[in-house]
Amino acid sequence: MTAISRKTIYPLLSKRVNLAPRTATCSYVRRKFSGEPTGPRVVSQIPGPESLNLLNQLDKIQNTDAVAFFADYDKSCGNYIVDADGNIMLDMLTQMASIPLGYNHPRLMETMRKPENWTPFVNRPSLGVSPPSDWTQLLKKDLLSVAPSGMRQVQTMSCGSCTIENGLKAMFIAHERRRRSGAPPTPEEMSSCMCNIPPGSADITILSFSGASHGWTLGAQSVSHANWTQKLDLKSMRWPVATFPSLRYPLEDHEKENRQEEQRSLSEVADKIERQMKDGRPVAGCCVEPVQSAGGDNHASPWFFQELQKICKQNGVALLMDEIQTGCGSTGKFWAHEHFSLPEPPDIVAFGKKMLTGGFYYRENMRPQEAFRIFNTWVGDPSKMVLLRAVLNTIREERLLNLVSSTGVHLLKGLREIELKYPAFIRNARGLGTLCSVDFPNNSERDKVIQGLRNRGVNTGPSGDRSLRLRPSLIFTKVHSDIFLEVLESTVKDIMA
Ligand SMILES: Cc1ncc(COP(=O)(O)O)c(C=O)c1O
């Protein structure tokens with residue numbers, strides 16, 4: 001994600017903003033968060049003096065160029081984050097899209113108060129070697145209870161990048177096992193892999209898309225193409241990259257031309273797979289995000305994903321659906337790829353962020369057959385599973401997917417209304433659920449909007465080179481959406497004035 005560096009902060013569009021008190025707040029949030037602020041309250045420019053002071057101190061010991069402000073997590077509540085200066089911001093970025101139920105959700109606080117939940121925090125196990133005796137039950141009851149349809153295998157990991165790294169490995173291992181027809185590796189394969197050379201270190205590849213963003217580790221950044229800062233100076237694998245469809249929005253108004261563009265991208269995928277095979281560097285797997293997030297909130301149609309899966313299947317290429325940012329409900333379905341009606345599950349579905357733990361679901365054919373192939377010290381963290389159970393139960397009991405869907409429709413409608421009023425400045429409103437985005441004429445205008453919103457008490461983020469990324473948590477309601485839309489319109493008006 002392109003962080004807004006302090007160095008690029010634009011002249012502040014600062015009017016002191018105080019949208020509180022509002023009488024209306026939705027009943028869901030009123031019931032759950034008696035302490036949730038009724039609106040943003042801005043008392044300083046952001047970052048304010050205390051954030052800048054803390055930034056100076058931190059900067060002495062690490063790079064802080066991506067830090068936007070310091071937060072006071074004790075005071076943050078529900079949809080609102082409070083910064084070190086006491087500014088109260090409606091948070092529509094939510095820690096890089098990773099807070100499922102807002103700040104200090106009573107259900108999570110209650111979970112933490114119970115002594116019976118403390119053991120995994122105090123004794124972090126090496127899950128691959130000595131898992132706790134209730135581990136299988138935890139996986140079944142929690143992670144498998146929300147597994148994508150048709151997927152019954154799961155592997156936890158600590159973070160998203162680590163998940164992708166191991167998902168890539170699983171696809172390579174499965175590919176080579178198939179090539180050997182299940183026979184054990186030869187002595188030559190076992191010795192050559194120790195020197196990083198074929199045949200043991202196989203010359204096989206992963207196909208990814210322009211604009212993709214799958215993480216920061218060496219394998220994950222090799223399949224990422226959203227941002228040069230993710231890649232510069234690093235040795236990337238020479239793997240094929242196909243151009244992701246560049247569609248016109250709203251999708252429903254441009255079906256014909258979008259279909260042609262998707263067909264173009266799919267032909268490129270098929271060509272690249274064929275060429276790699278001819279060159280003796282076959283494609284073992286394909287990584288794709290259901291909605292490209294850091295690359296600019298780029299959507300493609302269900303048809304595109306169905307066809308992509310078909311091409312992968314015809315060519316023996318495993319399909320990894322990266323749901324790290326889109327999973328856990330923010331599109332109104334638990335997994336974004338449920339919107340695509342795929343005839344069969346992807347081979348791997350990666351999760352992280354709002355799921356609080358990294359990991360991936362996989363089909364039986366992706367299961368490693370030997371110990372220590374998909375492995376590290378912790379392979380996950382059971383303390384996160386304690387919290388995840390509370391998150392999943394809350395999503396079910398409070399019907400939060402319905403809330404996300406209806407709020408998403410309202411939010412998108414509001415964005416489209418603003419777009420109609422200021423067509424030269426704001427366009428391409430798009431979204432699934434509350435995972436929404438709009439475009440501005442260029443990078444600099446977009447960054448002005450982000451800073452302007454922040455100084456009016458709304459925290460959002462960039463995506464791609466001109467898009468505004470909205471990633472509220474699952475308890476974001478129409479009332480919050482209206483607050484945002486009002487602030488967005490006044491920010492746009494001020495910038496255009
Ligand atoms: C789609 C996607 N994949 C992978 C990652 C990497 O996850 P993490 O930052 O937890 O390593 C991200 C993070 O932003 C992401 O959005």
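This is a short tour of two strand regions in a predicted model.

**Stop one: strand 3.** Start by selecting residues 153–157, which form strand 3. Are these residues buried or exposed? Five of the five are buried, meaning under 20% relative accessible area, so strand 3 is largely enclosed by the rest of the structure. Now show the side chains: Gln153, Gln155 and Met157 point one way from the strand, while Val154 and Thr156 point the other way.

**Stop two: the partner of strand 3.** Add residues 358–362, which make up strand 9. Strands 3 and 9 run antiparallel and are joined by five bridges. To find your place in the pairing, label Gln155 and look across to strand 9, where Phe360 stands opposite.

**Stop three: an open sheet.** Next, move to a sheet of four strands in the order 10-11-14-13, paired antiparallel. Which strands lie at its edges? They are strand 10 (427–432) and strand 13 (461–463), each pairing on one side only. From one strand to the next, the twist averages 30°.

**Stop four: strands 10 and 11.** Stay with strand 10 and add strand 11, residues 435–439. Four bridges join this antiparallel pair. Within the pair, Arg430 stands opposite Ser437 of strand 11.

**Last stop: the helix on the sheet.** Finally, select residues 400–421, which are helix 13. This helix packs on the sheet and touches strand 10, strand 11 and strand 14 (467–470). Compare the directions of helix 13 and strand 10 in your viewer: the angle between them is about 180°.

Note on methods. Residues numbered from 1 in each chain as written. Predicted model: local features only at pLDDT ≥ 70, side-chain atom pairs only at ≥ 80, totals over all residues. Heavy atoms only, no water. Buried < 20%, exposed > 50% of the residue type's maximum accessible area, 1.4 Å probe, protein only. Helix = DSSP H or I, 4+ residues; strand = E, 2+ residues; numbered from the N terminus. Pairing = 2+ DSSP bridges. Axes fitted to C-alpha atoms, helices over the stretch in contact; angles between N-to-C directions. Contact = heavy atoms within 4.5 Å.
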